[in-house]
Amino acid sequence: MIRLRNLPDLIGALLFMALGIIVTLEAFRLKKYASMAFVGDHTLPLVLGSVFVVLGAVLLGQSFHVRQQRKKGAAEEAFPGASGERTRLLLCLAALFLYVWMLGALGYAPATWLASVVLFRLIGSYQWLTSLFFSALLTGCLYVLFICWLQITFPG
Amino acid sequence: METIQLLMDGFSSALSLANLLMAAAGALVGTFVGVLPGLGPTSAIAILLPLTGVLEPTQGIILLAGIYYGAMYGGSTTAILLNIPGELSSVPTCLDGYPLAKQGKGGPALGVSALASFGAGVLGMIGLVFFAPVLADQALKFGPPEYLALMLLALTLMVSLSGGSLLKSLLMGAFGYALSLVGLGPSSGMPRFDYGVSQLMGGFDMISIIIGLFAVTEVLRGIEERRAAAPIVRTGSVYPGAEDLKKSAAPMLRGGLVGFFLGLLPGCSAAITAFLAYDLEKKVSRHPEKFGRGAIEGVAAPEAANNATSSAGFIPLFSLGVPSSPPLAILLAGLMIYGLTPGPVLFEQHASFVWTVIASMFVGNAMLLILNLPLVWAWVKLTRVPYGIMAPIILMFCTIGAYSVRNSLFDVGVAFLFGALGYLFHKYKWPVVPLVLCFILGPILEESFIQTMAMGAGDISILWSRPISLVILIAAAALLVFSILLNRRTNQRVREARARGMDVA
C-alpha cells in the first residue's frame with residue numbers, strides 16, 4: 001500500500017514543480033527577444049524550468065513509499081518544535097517585517113528602538129523596563145557607529 | 001624570483017599600519033565569530049562585507065580574509081572546551097579535544113591546536129604564493145568555453161555541499177540559478193521575472209540573500225531552540241609541553257599536507273579534509289585505541305588540515321574565480337563588488353592587491369597565534385553572553401548589512417524573507433549552500449554559455465573540442481565521483497559524532 005512518507009518533501013516537490021511551470025512560461029515570453037533560435041535570455045530559464053519539473057516529480061515520487069514493516073522500537077519522527085516557541089518565532093518574524101516598514105515611515109532611530117524593545121522582550125523574555133533599557137543602549141550605539149561615524153543614510 | 005619580489009612588495013604594503021590593523025581586526029572578529037556557535041565566518045563575512053565599503057578594497061579583503069581563518073581557530077576553542085564545534089570542520093577536534101579538556105589537559109590541547117593552525121596556515125600560504133600565479137598564468141588561455149567548463153566543474157561542488165540529499169541539493173542549486181535570472185537579461189537587456197515590480201528589475205542582491213540564509217536563519221533557529229550558555233571546563237596553562245609538541249609534530253605536518261592538496265580541489269571543504277586527516281592519523285598511529293579518548297594527535301591533525309584547506313582555498317579563488325567553500329563564495333562576491341574580477345586578470349591588473357592580501361594572511365596567522373592564546377578565556381567568556389541579548393544585536397547588524405549595499409529597504413525585506421525561508425530549509429533538510437553557490441555563479445555560467453554558443457555558431461561541441469575545456473570537463477567528471485564518495489564518508493562520520501551526543505553547530 002502506498003502512503004505518504006514525508007509531507008514537507010511533498011509540499012517542496014509541488015512548489016518546485018509550480019516554479020518550473022512559472023519559469024518555463026517566462027522563458028517562452030523571452031523567446032521573442034532572442035537573436036538566435038536556441039540561445040538567448042530564454043535558454044537558461046527553459047533548462048531550469050525543465051529541471052524543476054523533472055526533479056520535482058522525482059522528489060514527489062520519493063515522498064510516497066510502499067508501506068513497510070516498521071522496525072521494532074523505531075520511533076515516529078516527532079514534529080519538531082513546541083507551539084509556544086513557534087508562536088515566538090512567528091512574532092519575531094512579524095516584528096522584523098514591521099521593522100522594515102517602520103524604517104521607511106519613522107526613520108532609523110525610532111524604528112530600531114521600537115523593534116529592539118520587542119525583540120529583547122520576545123527573545124530574551126526580559127521585563128519591559130529592562131528591554132527598554134537594552135534597546136535604548138543598542139540603538140544609541142548603532143546610531144553613533146553607523147549613522148554618525150560611517151555615514152550610512154536611512155530614509156526619514 | 002619575480003614571485004618572491006612580488007611577495008616582498010606585498011609584505012611592505014601589508015605591514016603598513018592600516019593593513020596591520022585590518023589583519024588584527026579580522027583575526028579577532030574571526031575568532032569571536034568562530035567561538036560563538038551558530039554565527040560562522042560565512043554569516044560574519046556576509047554581514048560585514050557591505051560595511052567594508054568605507055575601506056579601500058585591499059583593507060576590506062584583508063579584514064574579511066582574517067575573519068575566515070580566524071573563525072577556524074575560534075571554532076576549535078569551543079570544540080575543545082565545550083564539545084561544541086563552531087564549524088563543521090571542528091567536529092574531529094571535539095573527538096579528542098574535549099576528552100583532553102575533561103582530563104584537565106584542555107590548555108595543551110588549545111596550544112597544540114593553535115600551533116597546528118599556524119603551521120598549516122603558513123604552509124597553505126606558501127603553496128598559495130607558488131601555485132596561484134602558475135594557475136593564473138594558465139588561466140589566461142581561458143576563453144568562454146573554458147569558463148563554461150569551469151562553471152560546470154564548480155557545479156560538482158553541489159555534491160560535497162549537499163549535506164545528504166543530492167536531489168534536494170540539485171533543486172536548491174537550480175533555485176539559486178533561477179534567483180540569479182531576476183533582473184535584466186544579458187543578451188537582450190529586457191527585464192526578466194520582474195512582473196512589473198520596479199525593485200525586481202535590479203535583481204536580487206546576493207548579500208541580502210546570504211545574510212538572510214545564514215545570519216537571520218541562525219538567529220531564528222536559536223530562538224526556537226532557546227539557546228543558553230553551556231558549562232565550561234577549566235584548562236590551566238595553554239602552552240603545551242615538550243612531550244605534547246613531540247607527539248604533535250608529525251601529525252601537524254601530515255594534516256597540513258592533506259589539507260593543502262585536497263583543499264586545492266574546488267568542493268573539498270575544510271570539513272572533509274579535517275575528517276580525512278583525523279582518519280589518516282588514526283590509521284598510522286601505533287596506538288589507535290587512544291583516539292577518541294584524548295590523543296593529542298587527534299587534535300593536531302584535523303586542526304592542521306582545516307587551516308591548510310582554508311589557505312589553499314584562496315588558490316582557486318584568486319586564480320580561477322572558483323570558490324571552494326561558502327565563506328570564499330562570499331569573498332568572491334566581495335571581490336566582484338570592489339570591481340576586482342577573480343581569475344587570471346586579477347594577477348595581471350591588480351598584482352599589488354593580490355600580493356598584499358597574501359602577505360597579510362601570513363601576518364594575520366602570526367597575529368592569531370600571538371593574540372589568541374593568552375586571550376582564550378576572554379573568548380570562552382563570550383559564550384556566556386545570554387542569547388536574548390546577542391540575537392537582537394545580530395539582527396540589527398543584519399539590517400544594516402543588508403541595507404547598506406544598495407541603500408534599499410527592499411533588500412532588508414529580502415534578507416528577512418530569506419531568513420524565514422532559510423529556517424524552513426534547515427528544518428526540512430534542504431541544503432542552502434548550493435543555492436548560494438549557484439546564485440553567485442549563475443550570471444557567469446549564463447554569460448559564458450551564450451558567448452560559447454556564439455563562438456561555435458550554435459554548436460555546443462566547441463566545448464569538448466578545445467583541449468583545456470576538455471581537460472576541465474574530464475576533471476569535473478572525476479571530481480563528481482570523488483565528491484560523492486567523500487561526501488558519503490563525511491556524512492557517516494558526522495552521524496557517528498552526533499550519535500555520541502555531540503552538538504554539531
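# Questions about a two-chain model

Q: How many residues does each chain bring to the contact?
A: Chain A brings 48 residues and chain B brings 43 residues. Two residues are in contact if their C-beta atoms, placed from the backbone, lie within 7 Å. This is a predicted model, where local features need pLDDT of at least 70, side-chain atom pairs count only at pLDDT 80 or more, and totals for chains, interfaces and linings use all residues. Residues are numbered from 1 along each chain as its sequence is written, while chains are lettered from A and ligands numbered from 1 in the order in which they are written.

Q: Which helix of chain A gives the most to the side that touches chain B?
A: That is α3(A), with 10 residues. The helices α1 (7-30), α2 (43-62), α3 (83-106), α4 (108-124) and α5 (128-149) of chain A each supply at least two residues of this side. Helices (H or I, at least four residues) and strands (E, at least two) are DSSP runs, numbered from the N terminus.

Q: What makes a residue on this side of chain A nonpolar, polar or charged?
A: Ala, Val, Leu, Ile, Met, Phe, Trp, Tyr, Cys and Pro count as nonpolar, Asp, Glu, Lys and Arg as charged, and the others, Gly among them, as polar. Sorted this way, the side of chain A that touches chain B has 35 nonpolar, nine polar and four charged residues.

Q: Why are α1(A) and α2(A) called roughly antiparallel?
A: Their axes come within 7 Å and cross at roughly 160°. Axes are lines fitted to C-alpha atoms, for helices over the stretch in contact, and angles run from 0 to 180 degrees between N-to-C directions. Angles under 35 degrees count as roughly parallel, over 145 as roughly antiparallel, 65 to 115 as roughly perpendicular and the rest as oblique. An angle of roughly 160° is over 145, so α1(A) is roughly antiparallel to α2(A).

Q: Is the crossing of α1(A) and α2(A) left-handed or right-handed?
A: The crossing is left-handed. That word is used if the near helix is turned anticlockwise from the far one by less than a right angle, and right-handed is used if clockwise.

Q: Why is α4(B) called roughly antiparallel to α13(B)?
A: α4(B) and helix α13 (residues 297-312) of chain B pack at an angle of about 165°, with their axes 9 Å apart. That angle makes the pair roughly antiparallel, because it is over 145. The crossing here is right-handed.

Q: Which residues make the contact of α4(B) with α13(B)?
A: From α4(B) come Y68(B), Y69(B), M72(B) and S76(B), and from α13(B) come E303(B), N306(B), N307(B) and S310(B). By class, they are three nonpolar, four polar and one charged.

Q: How do you know where confidence is lowest and highest in chain B?
A: Look at pLDDT, the predictor's confidence in each residue, from 0 to 100. The mean is lowest in helix α8 (residues 157-160) of chain B, at 63, and highest in helix α20 (residues 409-427) of chain B, at 93. Chain B has a mean pLDDT of 80.

Q: Over which residues of chain A is the pLDDT below 50?
A: Chain A averages a pLDDT of 83, but over residues 66-80 of chain A the value is below 50.
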